[in-house]
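Colleague: I would like a close look at one part of this model. Please take it step by step.

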Amino acid sequence: MRNILNPSPRIAKVPLHKRFLMYWVNHFQQAIGSLGELWRTPMASLMTMAVLGISLALPASFHLLLKNAERVTASWDNAAEVSLFLQPGLSDKTTQNFIQRISLYDEVDAVTYISKEQAVAEFREMSGFGNALDYLDSNPLPAVVQVTPKPQHASPAGAKLLLAKLQQEKEVEQGKLDIEWLERLHSIINLAVDSVVAIAFLLLASVLLIVGNTIRLNILNRRSEIEVMKLVGATDSFIHRPFLYTGLWYGLIGGLIAWVLTSSLVLWMESAVIKVAGLYQSDFRLLGLSFSEFLFMVGLASLLGLISSFVTVKRHIHLIEP
Amino acid sequence: MIKFEQVSKVYSGSHQALQKVDFHLKQGEMAFLTGHSGAGKSTLLKLISLLERPSDGKIFLNGNDISRVSRRHVPYLRRHIGIIFQDHRLLMDKTVFENVALPLVIEGYGRNEIERRVMAALDKVGLSDKAFCIPVHLSGGEQQRVGIARAVVNKPPLLLADEPTGNLDPKLSTEILKLFEAFNSVGVSVLIATHDLGLIAKMRYRTLTLKNGKMSSDGLLGEGHA
């Protein structure tokens with residue numbers, strides 16, 4: 001139906017290869033043009049991009065926090081140690097026998113005995129509540145045997161089996177596995193991961209809405225221009241393009257701002273983290289975003305910008321008729 | 001070029017803008033469309049450029065029924081019609097050159113071709129020295145001529161003008177109409193809606209008169225037949 005006034009007007013007017021070339025030249029011009037359009041109102045554009053940047057930096061920072069937390073706890077996984085609190089009133093001999101007996105267990109690597117007296121001394125030193133002990137008539141602390149499993153039995157499950165076995169011993173009043181707090185930590189981290197995913201979804205949704213609304217206002221501002229373009233025969237997709245590029249730029253630059261924010265946060269926290277790690281005799285270093293994570297973040301941001309402007313543009317430009 | 005067959009247009013709210021209008025404008029013909037305000041002149045032009053769809057009847061452009069052209073193809077159709085508005089509809093933040101170049105950019109012309117054609121169109125309307133002004137800095141007559149340059153820049157076979165001289169004094173109006181005559185002399189069909197009867201009388205072209213949405217006379221003014 002397009003050849004109404006001329007047998008084949010589109011081809012006759014401009015040769016196909018030229019049209020193809022000009023299509024891409026137009027694309028390029030419109031991409032640069034919409035960037036220039038953003039530059040014409042630098043404050044407004046930058047504020048929108050900053051909002052996008054912050055919305056993206058938040059989930060990215062949470063992700064980094066979790067990534068580093070998981071790295072820390074991963075190195076703790078095999079530090080399982082079983083603490084056995086002995087029955088009160090055992091003779092030294094019984095205790096020695098017991099220690100000897102469990103040292104011979106296949107699963108056991110090393111055994112350390114902490115007597116009641118040592119326990120009290122350690123408590124005085126470490127807890128800061130030392131003076132409170134003076135008000136007590138007798139030593140309330142039990143003697144403790146710390147059992148380190150062999151590496152092949154140090155997994156949470158293996159250590160649990162060993163604990164169950166040791167608790168069968170009659171000298172043991174209570175056994176405690178140091179892995180328990182680790183399991184709790186793991187479940188807390190899992191909870192945190194779930195919350196971060198949920199928060200990330202909310203923030204990404206806000207990115208969609210922010211870009212959509214900005215593009216919508218953009219379209220309304222240029223209503224008369226769109227009308228004129230339609231009057232002189234612009235197709236919808238020709239009119240869409242600059243707005244799609246605007247959305248893409250918003251996303252792309254928002255993503256870059258998010259990366260700058262996240263990286264600054266890592267830099268800022270690094271010295272503090274090194275200090276803390278030093279106190280724990282660890283050479284732990286804070287990990288920043290990797291290159292692939294950077295690409296993912298900027299790519300996702302651009303994609304969100306594009307999707308959001310696409311949906312908005314489709315809806316609103318259709319409605320504008322000269 | 002344009003043929004109306006029993007065309008009616010009813011706007012929502014049951015306002016009847018056109019009633020069973022028939023006329024035929026031949027290729028290369030120039031005609032005026034007149035009538036009191038509200039008689040349906042603008043509606044008729046809007047139907048040709050598919051800004052509105054007819055409620056009833058058929059409209060042919062070059063022998064093709066455009067009443068059922070799909071929305072997707074409307075832009076391609078409009079590229080063959082140069083439209084000129086009373087308020088000239090220029091983009092006020094773009095230069096004269098960019099305004100005139102718009103239809104060519106949309107059609108995908110190359111930069112050199114655009115420059116050549118825009119300068120030629122501006123030359124025709126006598127504004128080649130104002131190419132890089134912005135329209136705000138031009139007079140009303142000059143703005144109207146920019147609008148005409150934009151309408152003719154891609155050499156459409158049909159020109160539609162809606163009150164092109166509405167805001168201009170008689171001298172400028174005559175100049176504008178001389179331009180239309182010049183385009184007509186090279187084979188472009190021209191349809192000009194105007195209520196400026198003095199102008200029509202001076203030019204002595206075929207005149208279509210609308211009255212309350214009906215075609216009341218067709219022919220030279222004063223000797224028209226219903």
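In which sense, left-handed or right-handed, does α10(A) cross α11(A)?

Modeller: Keep in mind that this model is predicted. α10(A) passes α11(A) in a right-handed crossing. Let us build up that picture. Helix α10 of chain A covers residues 236-279, and helix α11 of chain A covers residues 291-319. Their axes lie 7 Å apart. The two helices pack at an angle of about 150°. Angles over 145 degrees count as roughly antiparallel, so α10(A) is roughly antiparallel to α11(A). Now sort the residues of this contact by class. There are 16 nonpolar, 9 polar and 2 charged residues.

Chain B offers another helix pair to set beside this one. Helix α3 of chain B (residues 96-107) and helix α4 of chain B (residues 111-124) cross at roughly 120°. Their axes come within 9 Å. That angle makes α3(B) oblique to α4(B). The crossing of α3(B) past α4(B) is right-handed. Which residues meet there? From α3(B) come Val96(B), Phe97(B), Val100(B), Ala101(B), Leu104(B) and Val105(B). From α4(B), the partners include Ile114(B), Val118(B), Met119(B) and Leu122(B). Glu115(B) and Arg117(B) in α4(B) also take part. By class, this contact of α3(B) with α4(B) has 11 nonpolar, no polar and 2 charged residues.

Back in chain A, helices also pack on a sheet. This open sheet has 4 strands in the order β2-β3-β1-β4, with antiparallel pairing. β2 (108-114) and β4 (172-177) of chain A stand at the edges. Each has a single partner strand, so one side of each is left without a neighbour in the sheet. Neighbouring strands are turned by 20° against each other on average, direction ignored.

Look inside the sheet next. Strand β1 of chain A (residues 82-86) pairs with strand β3 of chain A (residues 144-149) over 4 bridges, in the antiparallel sense. Ser83(A) stands opposite Gln146(A) in β3(A). Helix α4 of chain A (residues 92-103) lies across β1, β2, β3 and β4 of chain A. α4(A) runs at about 165° to β2(A). Helix α7 of chain A (residues 156-167) packs on the sheet too, touching β1, β2, β3 and β4 of chain A. The direction of α7(A) makes about 175° with that of β4(A).

One strand pair in chain B finishes the tour. β6(B) and strand β7 of chain B (residues 158-162) pair in the parallel sense over 4 bridges. Ile83(B) stands opposite Leu160(B) in β7(B).

Definitions and conventions: Residues numbered from 1 in each chain as written. Chains lettered and ligands numbered in written order. Predicted model: local features only at pLDDT ≥ 70, side-chain atom pairs only at ≥ 80, totals over all residues. Heavy atoms only, no water. Axes fitted to C-alpha atoms, helices over the stretch in contact; angles between N-to-C directions. Parallel < 35°, antiparallel > 145°, perpendicular 65-115°, else oblique. Left-handed = near helix turned anticlockwise from the far one by under 90°. Contact = heavy atoms within 4.5 Å. Nonpolar A, V, L, I, M, F, W, Y, C, P; charged D, E, K, R; others polar. Pairing = 2+ DSSP bridges.
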